[in-house]
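Me: I am new to this structure and would like a close look at a single part. Please take the charged side chains that pair up, and then say what surrounds them in the rest of the protein.

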Amino acid sequence: MKQIITAIVLLWGNSLMSQGITLDPVKKADKYFEEFSYSKAAELYKAVLLQDDTDRGYVTDQIALSYKNLNDADSSEVWFKKAIDLSSKKPANYFFLGEALMINSKYEEARYWFEEYQKARPDDPRAAKKLKAIADLEQFNNTLFNAKIETVGFNSPGLDFSPAFYKEGIVFVSSRPKNNWVQKEFNWDQSRFLDIYIAKSPSEASYFSEGLNTPFHEGPLVFYNNYQSVVFTRNNYEGKKLNKDEKGVTNLKLFFASWNQALKTWDDEQPFAYNDDRYSNGSPAISTDGNVLIFASDMPGGFGQSDLYISFRNGDTWSEPQNLGSRINTKGRDGFPFLDKGQLFFTSDGHEGLGGLDIYSINFSGSEVLGKVRNVGAPFNSSKDDFGLILKDGQGYFTSNRVKSMGDDIYSFQVQEPLYVVLIGEVFDLELNKGLDKSDVFFKNDQGEYLYTRSNDSGEYMLRAPLNSSWNVYAGKHKYDLVESIDVKLTEGDTIALERIFLTNETSLKDSLNLIDATLIVDTRIKPHDETSNYVDEFGNGDTLKFDRVYFDLDQSNLREKSKEMLNRAANFMIEHVDVTIILSSHTDSRASDTYNSSLSGRRSNAVSNYLIEMGVNAGRIQKINLGESALTNNCEDDVECSETEHQFNRRTEISFIKKSM
């Protein structure tokens, strides 16, 4: 994607300084390099290599670094290989070459150089992450969304990136010229300055004429308050003056503006209170009410080249930005945040991925991140740079430079409902060779997410899971230990045929869930627990995996007083056992529609969760599964007459505990 990620996500600074002249070509090239004029620097360094008295090792390193900063992976690969040949004892070149090879989809060769870097720098965790990503490449084909992507018709031969929703269309950042006769360039790679454009149809875009644009860089940006307010990125520009840091670099800052309905323009521009001439703030995301701001910055004290920070509105002021922490931020480049319904999407080259920048998501509660970072997978991510995902009501956009000849382009996608497969299995006693009833069965993926069910009286279980996902399946029961767990990858048409699997209601369950014709059969074995082990001591006395169910009145989600007494015990247990998380599986009876019952089970999960949080349990330790009427405990289906007592057994929230070490 050329230089734009480094220019926008991190330092984003372009010096805009006049070029000094020196008789020494190496010093002149160094000056270009220091001023971020990497394209000019690379050409001059290459000319210097023709001289006999040149320090070839130093100059070759600088050429390679110039192409790295330009995000030119092909040239980076060539020149880092040359640099290693000339100066093989520089471990950083091993890492940079590995990165370039990953972007160029040469994963096995990249593995070799990351291993070499790890030998030379065992204290740096980045190589281990890259090696794990290469080993687990197949997992990145498991997309977070089931969607088909398409390029939009308004892309240009230049850079088009960072879309944002605006009224009936989207706005985005582009290097295309407003007028063909205006040739503006900035130093980094001699491309044009960035302006904001608007697209009201999939095929056409025009210059955003409602204000905000200046002669220098604008964007990315995001609108809020029903499109009456905006926060946007701009060069450190006030009036007609560009402000610079002590090195003469013009960084980026955040600004707010309001829509002036009378004048039909954006005005009342106000700088973010924590802008600073010494570093860049930019690439904002904001909550719909305008009270939570997340942005990228290279301010001092971060984890890497750029980090994500959060700030909260308090009246007319903003709180001091706080780093979102090492769960999100890495030693690399982290930026391009976007908030959507409890999810924070962002871009990084420091987490496990396919190469270059990848798009990730993590749960976001409104004030903090929860759970683990998840790579959104293909087709959104590729070995190239992929970033700037936005999503609203199933429609989304993101940016990628996966087509080499086109530079940065914007892609659209429409989210579709995920396909599911049914997993069928049996938990059985290894010693007695028979099914084991009421065993807790857990499915865990690499992102730390869980699915949960419990075996029936015969030891059988059935659970649906998304197509194209991978799980480790294991079971637990009081006074039993796990002998082996099973790893399964759910792909269409696959069947794992194992003995001792007997389930008769597979067809009816498939029909009710509208599943594809694929079944995986999973065998999970456990044996009687050795009373001399410390399992009971760790989990307290008694079968703590089987707390009482929380029952609800018809069409209600409020808690009964008796349930609160039990939940108080559950909260105390969690406070005493900090290595345990809780899963809430909520259900309804069969009356009312599937859609309504799914929503009702969600309200019941929230009621239990909110009460536990009030009792002191951290929200990040609570997982919720809303099953509606899909898992009745009896035969009280729509066409079956049942007593109120029988229906009551289905109106429940089941509670399970999981040790984090599992």
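Reply:
**Charged pairs and their setting**

With a relative accessibility of 26%, Lys 46 counts as partly exposed, because that value lies between the 20% limit for buried and the 50% limit for exposed. The model is a predicted one. Lys 46 makes a salt bridge with Glu 43, and the closest N and O atoms of the two are 3.4 Å apart. Glu 43 is partly exposed too, at 46% relative accessibility. Both residues belong to helix 3, which runs over residues 38-48, and they stand 3 residues apart, about one turn of the helix.

Side chains of opposite charge can pair when their charged atoms come close. A search of the whole structure finds 29 salt bridges, and a few of them can be taken in turn.

A second pair is Lys 119 with Glu 116, whose closest N and O atoms are 3.2 Å apart. These two residues lie in helix 7 (residues 107-120), and as they are 3 residues apart, about one helical turn separates them. Lys 119 has a relative accessible area of 63%, so it is exposed.

The next pair is set differently along the chain. Lys 132 forms a salt bridge with Glu 352, with 3.7 Å between the closest N and O atoms. This pair links distant parts of the chain, its members being 220 residues apart. Lys 132 is in helix 8 (residues 126-135), while Glu 352 is in the loop between strand 18 (343-348) and strand 19 (358-364). Lys 132 is partly exposed, its relative accessible area being 39%. Glu 352, at 22% relative accessibility, also counts as partly exposed.

Some salt bridges also share partners: Glu 77, Lys 81, Lys 106 and Glu 109 are joined in this way into one network.

Now for what surrounds these pairs. The protein has 13 helices and 36 strands. Of its 662 residues, 54% count as buried. Among contacts with a separation of 6 or more, 58% are between residues 24 or more positions apart. The accessible surface comes to about 29,800 Å², and carbon and sulfur atoms account for 48% of that area.

Helix 4 shows what an enclosed element looks like here. Of its 14 residues, 10 are buried, so helix 4 is largely enclosed by the rest of the structure. Among the buried ones are Gly 57, Val 59, Asp 61, Ile 63, Tyr 67 and Asn 69. Helix 4 covers residues 56-69 and, at 1.5 Å a residue, should span 20 Å; its end C-alpha atoms are 20 Å apart, which agrees. Just after helix 4, Asn 71 takes a positive phi of about 60°.

Further along the chain, His 587 sits in the loop between strand 34 (580-586) and helix 12 (594-614). Its relative accessible area is 3%, so His 587 is buried. A polar atom of the His 587 side chain lies 3.4 Å from the backbone oxygen of Ser 585. Leaving aside neighbours within four places in sequence, His 587 is in contact with several residues, including Ser 601, Arg 604, Leu 627, Gly 628 and Glu 654.

Gly 628 comes up again with Ser 598, a residue of helix 12. The C-alpha atoms of Ser 598 and Gly 628 are separated by 4.1 Å, although the two residues are 30 apart along the chain. Not counting residues up to four places away in sequence, Ser 598 touches Asn 626 and Gly 628. Ser 598 counts as partly exposed, at 37% relative accessibility.

One link of another kind remains. A disulfide is a covalent bond between the sulfur atoms of two cysteines. The count for the structure is 1 disulfide, and this disulfide joins Cys 636 to Cys 642, with an S to S distance of 2.1 Å. The link is left-handed, with -105° about the S-S bond. Cys 636 has 1% relative accessibility and so counts as buried, whereas Lys 46, where this account began, is partly exposed.

Methods: Residues are numbered from 1 along each chain as its sequence is written. This is a predicted model: local features need pLDDT of at least 70, side-chain atom pairs count only at pLDDT 80 or more; totals for chains, interfaces and linings use all residues. Side-chain values use heavy atoms; hydrogens and water are left out. Helices (H or I, at least four residues) and strands (E, at least two) are DSSP runs, numbered from the N terminus. Buried means under 20% relative accessible area, exposed over 50%, partly exposed in between (1.4 Å probe, protein chains only). A polar contact is a pair of N or O atoms within 3.5 Å; within protein, one must be able to donate a hydrogen and the other to accept it, and residues adjacent in sequence count only if both atoms are side-chain atoms. Contact means heavy atoms within 4.5 Å. The expected span of a helix is 1.5 Å times one less than its number of residues. A salt bridge is a side-chain nitrogen of Lys or Arg within 4 Å of a carboxyl oxygen of Asp or Glu. Accessible areas come from the Shrake-Rupley method with a 1.4 Å probe; for residues, only the protein chains shown count as cover. A disulfide is a pair of cysteine sulfur atoms within 2.5 Å.
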